[in-house]
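Thanks, everyone; I would like to take you through the helix packing in this model and then turn to its main pocket. Please keep the sequence and the structure in view while I talk.

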Amino acid sequence: MAPKSIDAIDEQIKDVIQDLFQIQVATHNYAGPQTQQELVRLVVQLAGSLATLSNDASALPNQIPPEIVDYVDSGRNPDIYTREFVELVQKGNQYLKGRSEAFTGFRDALAEEMVKAWPEMKNDVSSILQAGRTEQNKEENATSQTNGTSSS
């Protein structure tokens, strides 16, 4: 059996809502034993609609992380989860940026000290530094392009 589309599931949800509405109307207009059979039929129809919806919906790909489902199940707002997640990612990015800048500073300081200690290696150290800066610029450009910014 081919998986159902979101539109098909949407239609099934509408059918369930319609079944509930019909049960509500039948309950409101209850007229004794003749209405009871209609209510039984409507409840059986609702159960069938819910079973079909449950089976078809379980075949859909689930793109909601389980952490968010747990968060909502515990009565918390998923927007708060999203905000906390973004803040955590930003904190991690700042930490990694700081480490990267520290290593860049260390690389430059080490190169300067190596040139002082071994002046004959100045060309080699300069070429290594240039290669490192070229690679760093490539990474920065790739990052800025994925973020939608330019590094001009």
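**Helix packing and the largest pocket**

Let me begin with helix 3, residues 66-73, which packs against helix 4 at an angle of about 135°, the two axes lying 9 Å apart. That angle makes helix 3 oblique to helix 4, where under 35 degrees counts as roughly parallel, over 145 as roughly antiparallel, 65 to 115 as roughly perpendicular and the rest as oblique. Before going on, I should say that this is a predicted model, in which local features need pLDDT of at least 70 and side-chain atom pairs count only at pLDDT 80 or more, while totals for chains, interfaces and linings use all residues. Residues are numbered from 1 along each chain as its sequence is written, and side-chain values use heavy atoms, with hydrogens and water left out.

As for terms, helices are DSSP runs of H or I with at least four residues, numbered from the N terminus, and the axes are lines fitted to C-alpha atoms over the stretch in contact, with angles running from 0 to 180 degrees between N-to-C directions.

Helix 3 passes helix 4 in a right-handed crossing, meaning that the near helix is turned clockwise from the far one by less than a right angle, whereas anticlockwise would be left-handed. On the helix 3 side the contact (heavy atoms within 4.5 Å) is made by Glu67, Ile68, Tyr71 and Val72, and on the helix 4 side by Pro78, Ile80, Tyr81 and Glu84. By class, that contact has six nonpolar, no polar and two charged residues, with Ala, Val, Leu, Ile, Met, Phe, Trp, Tyr, Cys and Pro taken as nonpolar, Asp, Glu, Lys and Arg as charged, and the others, Gly among them, as polar.

Moving along the chain, the axes of helix 4 and helix 5 come within 9 Å and cross at roughly 165°, which makes helix 4 roughly antiparallel to helix 5. Here the crossing is left-handed, and the residues in contact include Arg107 and Asp108 of helix 4 and Lys122 and Arg133 of helix 5. This contact divides into five nonpolar, three polar and four charged residues.

Back at the start of the chain, helix 1 (residues 6-28) and helix 2 (residues 33-58) pack at about 160° with axes 9 Å apart, and they are therefore roughly antiparallel.

Which residues lie nearest the centre of the largest pocket? They are Leu96, Lys97, Ser100, Glu140 and Thr143, out of ten lining residues. Helix 4 gives the most to this lining, with five residues, and the lining as a whole has one nonpolar, five polar and four charged residues. A pocket is an open set of 1 Å grid points where a 1.4 Å probe fits, with protein on both sides within 12 Å along at least five of seven lines; lining residues have an atom within 4 Å of a point.

Methods:
Helix = DSSP H or I, 4+ residues; strand = E, 2+ residues; numbered from the N terminus.
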